[in-house]
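User: I am new to reading protein structures and would love some help. Could you pick one part of this model and walk me through it slowly, explaining the terms as you go?

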Amino acid sequence: MLQEFSKLGFAKIEYENFDRTINGLRKRLEYLRKAEKYADLIYSAPNQMGLALREYSVNLQQITLSTFDNNPFQRRNKPKVLHVPSNPFVKGTKYVRSVFQSLEKRGIQFEPIIPEGLLSYGDVIKLYQDCDILVGQLLVPGGGKQERELLACGKVVLSNMSADYESYVPNASPIIDVNIDSLETKLEEVINNYDFRVRTARLGREY
């Protein structure tokens, strides 16, 4: 993964306590080869199947729409910008915090929300419904389930989609592609462009 991401220009994923030794690689290869030998069907993602020998089906994120109220409301002034650090290393939370702080110092009007500690799923959904913008994960291409849940709520979503992985993301995705270098500029543009936020928020549920 590190070699592939370096070649493609992606930031490396900063997994905590990740075993980067040859033994760690052998262990993961053993899991993969067993799956390839015995499974009738394999679901995965391109950034996880670089060492695969068999074909696989793309694992699209599935969510239950009835769990989420569609509320594409956007605050004209001081929008609430949410980042949920369920895994701070994969989400790139330290970069998000830095961007939030920089924007605040420059006088950009928004309310940053980064919940601390463990939350119930019900409390998380309340945060989803009340925010205007989500900053999702910055280090893993393609976004995750959280990004799709916020689309279902009718919110504006920024996440690392990465052009090289667009082949497995359906066309016309309303998710705004960002990385650790572009997040500050793009988030500022989104915060300041109310009409764009309103239009984009309305696309999420249908997508």
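Analyst: Thr-93 touches His-83, Pro-85 and Pro-88, leaving out residues up to four places away in sequence; touching, or contact, means heavy atoms within 4.5 Å. The model is predicted, so local features need pLDDT of at least 70 and side-chain atom pairs count only at pLDDT 80 or more, while totals for chains, interfaces and linings use all residues. Residues are numbered from 1 along each chain as its sequence is written, and side-chain values use heavy atoms, with hydrogens and water left out.

Thr-93 belongs to helix 4. Helices here are DSSP runs of H or I with at least four residues, strands are runs of E with at least two, and both are numbered from the N terminus. Thr-93 counts as buried because its relative accessibility is 3%; buried means under 20% relative accessible area, exposed means over 50%, and partly exposed lies in between, using a 1.4 Å probe and protein chains only.

Now let's follow helix 4 to its partner, helix 7. The axes of the two helices come within 10 Å and cross at roughly 55 degrees. An axis is a line fitted to C-alpha atoms, for helices over the stretch in contact, and the angle runs from 0 to 180 degrees between N-to-C directions. Helix 4 and helix 7 are therefore oblique to each other: under 35 degrees would be roughly parallel, over 145 roughly antiparallel, 65 to 115 roughly perpendicular, and the rest is oblique. Their crossing is right-handed, meaning that the near helix is turned clockwise from the far one by less than a right angle, whereas anticlockwise would make it left-handed.

Who does the touching? On the helix 4 side they are Val-96, Val-99, Phe-100, Ser-102 and Leu-103, and helix 7 brings Leu-183, Glu-184, Leu-187, Glu-188 and Ile-191. Sorted by type, the residues of this contact are 7 nonpolar, 1 polar and 2 charged. Here Ala, Val, Leu, Ile, Met, Phe, Trp, Tyr, Cys and Pro count as nonpolar, Asp, Glu, Lys and Arg as charged, and the others, Gly among them, as polar. Thr-185 also sits in helix 7, where it is partly exposed with a relative accessible area of 46%. Its C-alpha atom is 9.3 Å from that of Leu-103, although their positions lie 82 residues apart along the chain.

The two helices also share in something wider. The largest nonpolar core has 20 residues, and Val-81, Phe-100, Ile-133, Leu-158, Leu-183, Leu-187 and Ile-191 have the most contacts inside it. At least two residues of this core come from each of helix 4 (93-105), strand 5 (133-135), strand 6 (156-159) and helix 7 (183-192). A nonpolar core is a set of buried Ala, Val, Leu, Ile, Met, Phe, Trp, Tyr and Cys residues joined through side-chain atoms within 4.5 Å. In soluble globular proteins, nonpolar side chains tend to be buried together.

Leu-158 makes a good example to click on. Not counting neighbours within four places in sequence, the contacts of Leu-158 include Ile-133, Ile-176, Val-178, Leu-183, Lys-186 and Leu-187. Apart from this core lies another, of 16 residues, with Val-84, Val-124, Tyr-128 and Leu-151 among them.

Finally, look just past helix 7. Asn-193 lies in the loop between helix 7 and helix 8 (194-204), and it is partly exposed, with a relative accessible area of 36%. The C-alpha atoms of Asn-193 and Arg-76 are separated by 8.8 Å, with the two residues 117 apart along the chain.
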